[in-house]
Amino acid sequence: MHIGHYISGAAHAGLIGWVLVGDVFRADPPPLEVTDVAVISTEEFAALQRAQQAPVTETEVAVPVIPEAEVETPEVATPEDAPVDVPTPEAAAAAEPDTTPDLSDMAAPEPQDVTDAAPVLITPEVDTAAVVPERAPRPVVRPAPRVAPEPVAQPEPDTTIADEVQEATRPDARGEAAEKPKEETAPEAASTEIATEPKAEPEEKAASAAPSRSVRPRTRPVARPDPAPAREAAVAAALKEASDQQAPAARPPGGPPLTRGEKDGLRVAVQNCWVVDVGSRAADVTVTVGFSLDKSGKVQGDIRMIGASGGDEAAATSAFQAARRAVLRCQKSGYDLPIEKYDNWRDVEITFNPENMRRK
Amino acid sequence: MTRVFANFLMGLILLGAATAGGVAQAQNGPLRIEITEGVIEPLPFAVPDFVAETPGSNQISKDISRVIAEDLSGTGLFREIPAQAHISTITNFASPVQFADWKAINAQALITGGVSVSGNQLEVKFRVWDVFAGQELGNGLRFKGTTDGWRRMAHKVADAVYSRITGEGGYFDSRVVFVSETGPKNDRKKRLGIMDYDGANLQYLTDSSAIVLAPRFSPTGKEVLYTSYETGFPQVYLMDVASVRRKVMSDEVGTMSFAPRFSPDGKSVVMSVTEGGNTDLYRMDVASGQRTRLTNGPAIETAPSFSPDGTRIVFESDRSGSQQLYVMAASGGEATRISSGQGRYGTPVWSPRGDLIAFTKQNKGRFHIGVMRTDGSEERLLTASFLDEGPTWAPNGRVIMFTRETRGADGVSALYSVDVSGRNLKRVRMNGGGSDPSWSPLQ
């Protein structure tokens, strides 16, 4: 019965004793290190500073000499034209007109079997770019501890609040019950910190601590009827029309449409090979060409001129030839286009507009 | 407030519907893109030596190939791929072309040809190929002439190649008449010279006993107008280039005539005539010598040039107080000033294309060769130096040749050319100095 008093008394006695003779528990102070401070001269200080200065950057770095390409320009064997001195106008040698050349069309050569085997480019099997992850993993947002750093274990069934501490009786190992089992009780007491219970999914719960969506405010009841019922009809009609049109667009036959980036990729690839002669009349011509691509992105069949504007026929022909060269030169092993959208880029029309180039 | 919101909502819906419709439409047709930016660079081409088809034509076939390559490369629009880089060799003019070999060295155009010589008769044939399209550009052509005219035949081949690739006429088979200058500035000898556009085949039409100025070709290229101080006064002469015979165009006592230029049909000449201290423009009929006054005022009006259709004349005048450019009808009448920038404008020349006027401009101590539209708009200065003047157009209206003189007592005059885009400025290869060039039409 007085065990609680004894324990309380002993604890109080210990506390008073610790307050009075607490020094006996104090650890010895750490030893101090004492170092002599030497006085140095200005010269020594300056020398020390010089030694600590950053190394001077060498400005005269030997530039590696680019070896000159050993491509010899072909010597032009043009004989010097000796000036013909004419002493007087009367004695001047008359320039004899050259024989008028005879221009005649020639027949095209007989077609023969030509093995124009295009050089095969050896492409590495493994795309080295593929080893780079496409997207870095997104870091997980961790919640900051708000109440207690760690959750405490879930307590046993609640202890009945009582004035006295009473241990619960448990069945005897031998199975011989000496007395009737009693509930565990304890007096009501405060804790040093607020402990929380462990939660089943701490990460997810923490991540979803913020509301996932805002609650839409309720609409207020309309006080009076809409004066323009026709507007609702127009909205409904527009919605229906939009849904009708979006339906086929959502699932086009060739898959999703090309993105702006994919179109830009093709545009940049072709324009890098489009040579514009800004001083020619062909630079006044905007020409549109059409062609088909196979699934590897290479031109299939002929490139045809769909239209031209801004110049005469000769200029349009020249502009078309320049456009055709651009498409054919830069295709290399095929334009880089997504195969899953092949139906959307099987047929291509490119308009070459040199208007901006004329100002350069 | 409710109405505003409803309107906004309806707008969004309609916009969305329109956008969705556009997307759906775009997916139905071919993929359409527009390209507005290209590259400005010379087009790579290859000219393997023309096949020598007869014994003894080996050297001349090489020479012809070199002249063709120089003509094309000299435009700045083409870049020759040297023979050392060639993979294929052309050994037979009729053989099919191995396009893959020429693609591999990035030759976009290929010129193949054959040369045969029989006595002094020369035959040159050629073809032009679009390598990447694997097609021939136009049909093959054959030229026949004498071995003496081998350079001219090479120029003709180059003109044809240039025309097939650019869609414009060439200018290689043309000549330039100019004032040849030798000696120091204070004792400079001047005489008329004529040469190929590239400086070859130089000949002199006059001696240096009299000062000569401003030679101008006739539309046929067979006659030359020029001004000579033979009599002490400047007078206009007309010379037949082949026979070097000449006649004075205006021999009225007490008058000075200068700055002549042919009309496009060659039947009349427009020039400046000074009478009583006043300089005006006159038009003279070549056959009859009858003269018609075009301007009448106290100002100095000179350097007239016809438009290609012969309906208008551009000239320089100081009627506004400073030297400016004016355009009037070919029959005279009221003139419209077209130059509007700072500085002084002179020596205007109408382009053979008819779209531009080249001129000399002096501003802030510098001289420029420039071009402007025929209404004076879009002025562009192509050159700048101590002294640039006297532009003349290539027959295709693509290149301008002019005089550039260096500073100082030892300064020399030389002929330069520049592309109408302002690129490819270069000195004409020739012996000695020269000034006041006039480009002939294509031969």
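Which residue in β32(B) does S180(B) stand opposite? The residue is G434(B), and the path to this pair leads through much of the structure described below.

The model is predicted, so that local features need pLDDT of at least 70 and side-chain atom pairs count only at pLDDT 80 or more, while totals for chains, interfaces and linings use all residues. Residues are numbered from 1 along each chain as its sequence is written, and chains are lettered from A, with ligands numbered from 1, in the order in which they are written.

Chain B has a secondary structure of four helices and 32 strands. Here helices (H or I, at least four residues) and strands (E, at least two) are DSSP runs, numbered from the N terminus. Of the 443 residues of chain B, 49% count as buried; a residue is buried if 20 or more other C-beta atoms lie within 10 Å of its own, exposed if 12 or fewer, and partly exposed in between, with C-beta atoms placed from the backbone. Among contacts in chain B between residues at least 6 apart in sequence, 44% join residues at least 24 apart. Two residues are in contact if their C-beta atoms, placed from the backbone, lie within 7 Å.

One sheet involves both chains. This open sheet of four strands follows the order β5(A)-β4(A)-β6(A)-β1(B), and its pairing is mixed. Two strands pair if DSSP finds at least two bridges between them. At the edges stand β5 (299-309) of chain A and β1 (31-35) of chain B, each of which pairs on one side only. From one strand to the next, the twist averages 20°. Within the sheet, strand β4 (residues 286-293) of chain A is joined to β5(A) by seven bridges, and the two run antiparallel; V289(A) stands opposite M305(A) in β5(A).

Two helices of chain A pack on this sheet. Helix α5 (residues 260-271) touches β6 (347-352) of chain A together with β1 of chain B, and its direction makes about 50° with that of β1(B). Helix α6 (residues 313-329) touches β4, β5 and β6 of chain A, its direction making about 40° with that of β4(A). Axes are lines fitted to C-alpha atoms, for helices over the stretch in contact, and angles run from 0 to 180 degrees between N-to-C directions.

Chain B also contains a helix pair. Two packed helices are described by the angle between their axes and the distance between the axes. For helix α2 (residues 58-74) of chain B and helix α4 (residues 150-166) of chain B, the axes come within 8 Å and cross at roughly 45°. That angle makes α2(B) oblique to α4(B), since angles under 35 degrees count as roughly parallel, over 145 as roughly antiparallel, 65 to 115 as roughly perpendicular and the rest as oblique. The residues of α2(B) that meet α4(B) include I60(B), I64(B) and V67(B), and among their counterparts in α4(B) are W150(B), M153(B) and V157(B). The residues of this contact divide into 12 nonpolar, one polar and three charged. In that count Ala, Val, Leu, Ile, Met, Phe, Trp, Tyr, Cys and Pro are nonpolar, Asp, Glu, Lys and Arg charged, and the others, Gly among them, polar.

From α4 of chain B, a loop containing G170(B) leads towards β9. G170(B) is buried, with 25 other C-beta atoms within 10 Å. Leaving aside neighbours within four places in sequence, G170(B) is in contact with A158(B), D159(B), Y162(B), S163(B) and N396(B). The C-alpha atoms of G170(B) and A160(B), 10 residues apart along the chain, are separated by 7.1 Å.

Beyond that loop, strand β9 (residues 175-182) of chain B pairs with β32(B) in the antiparallel sense over five bridges. This is the setting of S180(B) and G434(B), which stand opposite each other. Strand β32 (residues 433-439) of chain B is mostly covered, with seven of its seven residues buried.

Another mostly covered strand is β18 (residues 278-285) of chain B, where six of the eight residues are buried. Eight bridges join strand β17 (residues 268-275) of chain B to β18(B), and these strands run antiparallel. They form a hairpin with two residues between them, and G276(B) in the turn has a positive phi of about 60°. Three bridges also join β18(B) to strand β19 (residues 291-293) of chain B, again antiparallel. Five residues lie between the strands of this hairpin, in which G289(B) takes a positive phi near 80°.
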